[in-house]
Amino acid sequence: MVSKHWRARLLAASLAIGTGALLAGCEDQLESGSGRSLRPIPKDTLAQMDKMGSSETAPILIRTYKKEAELQIWKMKSDGQYALLKSFPMCRWSGQLGPKTHEGDRQVPEGFYSITPAQMNPNSNYYLSFNVGYPNAYDRAFGYSGGNIMVHGACSSAGCYSMTDAQIAEIYSIAREAFNGGQREIQMQSYPFKMTAENLAKHRLDPNIDFWKQLKNGADHFEVTKTEPSVLVCGKRYVFGAQADGEVSPTAACPSLKTDSTVESAVAEKDAKDQTEVAELIAKGVKPVRLVYEDGGQNAAFAQSAAISNKYDISRPDALVAGPQEIALDEPGKTPTAVKVASAAAKAGKPAPAAKPASPANGEDKSFAVAATPAPVAAPVASPFGFVGSAASSGTSLVKNLFHGGEAPPAVQVFEPQQPIPSDVPLPPRRSASADAPVRMAALPARAKAPTDGDAAQQ
């Protein structure tokens, strides 16, 4: 029989070993349990919050950009306005520029989404993850299908926003403390690209331009006020910065809406300035293009890091080798031409990664080599900006109300927010990982059926 003295010594030794294992895991990755979800916010990030007049429990807002492969965390300051806290280079995203429309299309969604405490997953097989809330009211109005779209670690995507484990640990901790501070839901603004004049000029003939103009209106409301824009959906369109007097239906015409005239005036002024800049770029010869990816991309920063390539089984590295094709649309009637855009590896001056055999979900061809993403609202084949003719012509006469096709700006367009969920709602259970997005983790549970969407899963 073991004496009390030895039992005490054995217990102390067990605790010491367990504590050592936990600390070692914090330096790399924890293979089990929820310890990784409790990691503190890094000290330098806390210092940045303090410097900008914010705190760890203040509300946050997330913005993502597919073309630039970037995720931004914005933090509310003591004056109630948001300021950029930190930008994270995205390790992997999949699909094309454009909205997600159906299950299994590998598309990273675009639009305005809400993240609640119930959508946080501390037991993810992709280190940590949270569900972005696709489909939202706008997506449902068009009958878009699919789900389980996550921000997660592991650098592998089949429709998700994929970060490194270290990045998702920090992002998760920032969101966790915001919820602990009382934030009921986090707004996530997901864009195809940054709404710069150059991007808008280049993509002015893309079939998704009407949808992107709606997102730009939401972006403008945020840029002008630096506060979270209210989001509604009615008439199958987003409406931002408005309050409804009556019931709002995503598919029915918008009811009477109340807006802040000062804010709307500032948004209109910004929009007019952007129109002028786009017109000037067109006059200088910036051609309309469409980017076609084999299957998404990643931030160029990762092409410089052999450590990332060695640590992660990056999904579909073959699709990253050449980079996207830039299809020049030119004037109507001319034959489009394809121009290769430099891949992230090429931009970084590194050799392209060795291609691995593709492993599309469900055995389908998911390469999207020349596939077009359907637009939620049909756009005319000719320029939606009224520009038909030589780009050598001068100034704003080339463009008639660039972002509204000559019509009055639409009422601020929005999404229907989900009902707030208290911060003490139980978090979702552990789910299995995707078959077509392998990760180097220990003993993932077996699953009966491979997922067809997201990275599958409620990772």
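Modeller: Start with one term: two strands pair if DSSP finds at least two bridges between them. Keep in mind that this model is predicted.

Colleague: In what order do the five strands of the open sheet run?
Modeller: Start from the edges. Strand E3 (82-89) and strand E4 (111-115) each pair on one side only, which makes them the edge strands. The pairing in this sheet is mixed. Reading across, the order is E3-E2-E1-E9-E4.

Colleague: By how many degrees are neighbouring strands of this sheet turned against each other on average?
Modeller: Direction is ignored for this angle. The average turn between neighbouring strands of the sheet is 20 degrees.

Colleague: In which sense do E1 and E9 pair, parallel or antiparallel?
Modeller: Strands of a sheet pair through backbone hydrogen bonds. Strand E1 covers residues 60-65, and strand E9 covers residues 186-191. Four bridges join E1 and E9, and their sense is parallel.

Colleague: Which residue in E9 stands opposite Arg63?
Modeller: E1 spans residues 60-65, so look there for Arg63. Opposite Arg63, in E9, stands Gln189.

Colleague: Which helix packs on the sheet and touches E1, E2, E3, E4 and E9?
Modeller: The helix in question covers residues 165-180. Its direction makes about 155 degrees with that of E3. The helix is H4.

Colleague: Which helix gives the most residues to the largest nonpolar core?
Modeller: That core has 62 residues. Ile73, Val151 and Tyr238 have the most contacts inside it. The top contribution is eight residues, and it comes from H4.

Colleague: How many residues does the other core have, the one with Cys91 and Phe302?
Modeller: This core lies apart from the largest one. Tyr312 and Ile314 are also among its members. The number of residues is seven.

Colleague: How many disulfides does the protein have?
Modeller: The cut-off is 2.5 Å between cysteine sulfur atoms. Cys91 and Cys155 have sulfurs 1.9 Å apart, so they form a disulfide. Cys234 and Cys254 are also joined, with S to S at 1.9 Å. The count of disulfides is two.

Colleague: How many residues apart are Cys91 and Cys155?
Modeller: Cys91 sits in the loop between E3 and E4. Cys155 sits in the loop between strand E7 (150-152) and strand E8 (161-162). The pair links distant parts of the chain, and the separation is 64 residues.

Colleague: Is the link of Cys91 and Cys155 left-handed or right-handed?
Modeller: Look at the angle about the S-S bond. For Cys91 and Cys155 that angle is -80 degrees, and the link is left-handed.

Colleague: Is the link of Cys234 and Cys254 left-handed or right-handed?
Modeller: Cys234 lies in strand E10 (residues 231-234), and Cys254 lies in the loop between strand E12 (242-244) and strand E13 (257-259). The angle about their S-S bond is 90 degrees, and the link is right-handed.

Colleague: Is Cys254 buried or partly exposed?
Modeller: Buried means under 20% relative accessible area. Its partner Cys234 has 1%, so Cys234 is buried. Cys254 has 32%, so Cys254 is partly exposed.

Colleague: Which backbone nitrogen lies 2.9 Å from a polar atom of the side chain of Ser315?
Modeller: Ser315 is in the loop between helix H8 (306-311) and strand E15 (325-328). With 4% relative accessible area, Ser315 is buried. Its contacts include Arg92, Cys155 and Ser156. The nitrogen at 2.9 Å belongs to Ser157.

Colleague: How far in space is Phe193 from Leu97, C-alpha to C-alpha?
Modeller: Phe193 is in the loop between E9 and helix H5 (197-202), and at 0% relative accessibility Phe193 counts as buried. Phe193 touches Leu97, and its other contacts include Tyr65, His203 and Trp212. In sequence, Phe193 and Leu97 are 96 residues apart. In space, the C-alpha distance is 8.2 Å.

Colleague: Is Asp220 in helix H6 buried, and what is its relative accessibility, or which value applies?
Modeller: Asp220 lies in helix H6 (residues 209-225). Its contacts include Val267, Lys270 and Asp274. Asp220 counts as buried because its relative accessibility is 2%.

Key:
Residues numbered from 1 in each chain as written. Predicted model: local features only at pLDDT ≥ 70, side-chain atom pairs only at ≥ 80, totals over all residues. Heavy atoms only, no water. Helix = DSSP H or I, 4+ residues; strand = E, 2+ residues; numbered from the N terminus. Buried < 20%, exposed > 50% of the residue type's maximum accessible area, 1.4 Å probe, protein only. Contact = heavy atoms within 4.5 Å. Axes fitted to C-alpha atoms, helices over the stretch in contact; angles between N-to-C directions. Core = buried A, V, L, I, M, F, W, Y, C linked by side-chain atoms within 4.5 Å. Polar contact = N/O pair within 3.5 Å; in protein donor to acceptor, adjacent residues only side chain to side chain. Lists of a residue's contacts leave out its neighbours within four places in sequence.
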